[in-house]
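Welcome, and please take a moment to look over the sequence and the model before reading on. This short report walks through the helices and how they pack.

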Amino acid sequence: MAFNLPIALTWLRIILIPVFVGVYYLPATLLSISAKNWLAMSIFALAAITDWADGYLARKWGQTSAFGAFLDPVADKLMIVAALIVLVWLDRADVWLAMIIIGSEIAISALREWMAQLGQSKSVAVAFIGKVKTVAQITAIIALLLYQPAIPGIDTMVLGTIALWVAAILTLWSMFHYLRLAAPHLRGVTPPAQPSESSARIDPSARSTIK
C-alpha cells in the first residue's frame with residue numbers, strides 16, 4: 001500500500017470525525033453552544049473538502065489505488081453517519097430520516113462490496129445521482145450543525161431540514177438505482193453484451209438484418 005497525499009487526506013477525514021463529535025462534549029464553561037456549533041460545522045466542512053480533494057488529487061497525479069478506492073467511500077459513510085447521529089442526539093434531525101439515510105448507505109456499501117467480489121464493481125460505479133445525494137447530505141448536515149443565522153435572509157434550520165428531506169429521498173433513489181443495475185447479478189444472470197457497431201458491420205448475419 002503506497003502512502004501518498006490523497007490517502008493521507010482520506011485518513012484525515014476519518015480522524016476529524018471524533019474531533020467534531022467531541023466538540024459537543026466540551027464543558028459549557030469552555031465553549032458556548034453557539035461556539036460549539038460554529039466549531040463543529042467548520043471541522044465537518046473541512047472534512048467534506050478533503051472528500052473532494054483526495055479524489056481530485058489522486059486522479060490528477062495518477063495516484064489512484066485499490067486501497068484508496070476502498071477507503072474513500074468508507075470514510076465518507078463514517079463521516080455522514082457520525083454527523084447524523086450527533087444531529088439526532090441534539091434533536092435537530094428526525095430519527096426516521098436519519099435511519100433512512102444510514103440504512104440506505106449501508107445497503108449501497110454492502111452491494112458494492114458484493115459486486116466487487118464478483119468482479120463487477122464497474123457495474124455499480126458512482127453515478128451522478130450519487131454525487132447529488134452527497135451534496136444534499138453535506139448541505140443538510142452543515143446547516144443543521146450551525147443551526148443559527150449565518151447569512152441574512154437564510155434560515156439555516158429550515159434549509160437544513162429541507163436539505164435532509166431531499167437527501168433522504170435521493171439516498172433511497174440512489175439505492176434503488178444501484179439495485180436495478182445489480183439485479184441481473186443478484187438473479188445469477190449476466191446480461192448479454194450488446195454488439196458494437198463495428199461487429200455489426202463485419203458479421204454477415206448482422207448485416208443481413210439491416211434494412
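Contact here means heavy atoms within 4.5 Å. With that in mind, start at Ala 48: leaving aside its neighbours within four places in sequence, Ala 48 is in contact with Met 79 and Ile 138. Ala 48 and Met 79 are 31 residues apart along the chain, and their C-alpha atoms are separated by 8.5 Å. Ala 48 sits in helix α2, and at 12% relative accessibility it counts as buried (buried means under 20% relative accessible area, exposed over 50%, and partly exposed in between, with a 1.4 Å probe and protein chains only).

A word on the model itself. It is predicted, so local features need pLDDT of at least 70 and side-chain atom pairs count only at pLDDT 80 or more, while totals for chains, interfaces and linings use all residues. Residues are numbered from 1 along each chain as its sequence is written, and side-chain values use heavy atoms, with hydrogens and water left out.

**The overall picture**

The protein has 8 helices and 0 strands (helices are DSSP runs of H or I with at least four residues, strands are runs of E with at least two, and both are numbered from the N terminus). Along the sequence the pattern reads α-α-α-α-α-α-α-α. Of the 211 residues, 39% count as buried. Among contacts between residues at least 6 apart in sequence, 74% join residues at least 24 apart.

**Three partners of α3**

Helix α3 (residues 66-89) packs with helix α1 (residues 5-22), with helix α2 (residues 33-60) and with α5. The table gives the geometry; axes are lines fitted to C-alpha atoms, for helices over the stretch in contact, and angles run from 0 to 180 degrees between N-to-C directions.

| Pair | Angle | Axes |
|---|---|---|
| α1 and α3 | about 15° | 9 Å apart |
| α2 and α3 | roughly 160° | within 11 Å |
| α3 and α5 | roughly 35° | within 11 Å |

How do these angles translate into words? Angles under 35 degrees count as roughly parallel, over 145 as roughly antiparallel, 65 to 115 as roughly perpendicular and the rest as oblique. α1 and α3 are therefore roughly parallel to each other. The crossing of α1 with α3 is left-handed (the near helix is turned anticlockwise from the far one by less than a right angle; clockwise would be right-handed). On the α1 side, the residues that meet α3 include Trp 11, Ile 14 and Phe 20, and among those on the α3 side are Leu 71, Met 79 and Val 86. By class, the residues of this contact divide into 14 nonpolar, 2 polar and 3 charged (Ala, Val, Leu, Ile, Met, Phe, Trp, Tyr, Cys and Pro count as nonpolar, Asp, Glu, Lys and Arg as charged, and the others, Gly among them, as polar).

Now for α2, whose axis crosses that of α3 at roughly 160°. That angle makes α2 roughly antiparallel to α3. Phe 44, Ala 47, Ala 48, Asp 51 and Asp 54 of α2 touch Asp 72, Asp 76, Met 79, Ile 80 and Ala 83 of α3. This contact of α2 with α3 holds 6 nonpolar, no polar and 4 charged residues.

The crossing of α3 and α5 is left-handed. Ile 80, Ala 83, Leu 84 and Leu 87 of α3 make this contact with Gln 137, Ile 138, Ile 141, Leu 144 and Leu 145 of α5. Its residues comprise 8 nonpolar, 1 polar and no charged ones.

**Helix lengths and what follows them**

The expected span of a helix is 1.5 Å times one less than its number of residues. α3 has 24 residues and reaches 35 Å from first C-alpha to last, close to the expected 34 Å. For the 28 residues of α2, the expected span of 40 Å agrees with the 40 Å between its end C-alpha atoms.

Which residue with a positive phi follows α3? It is Asp 91, with phi near 65°. Most residues other than glycine have a negative phi. Asp 91 lies in the loop between α3 and α4 (95-117), and at 63% relative accessibility it counts as exposed. Tyr 147 also has a positive phi, of about 55°, just after α5. Tyr 147 is partly exposed, with a relative accessible area of 30%.
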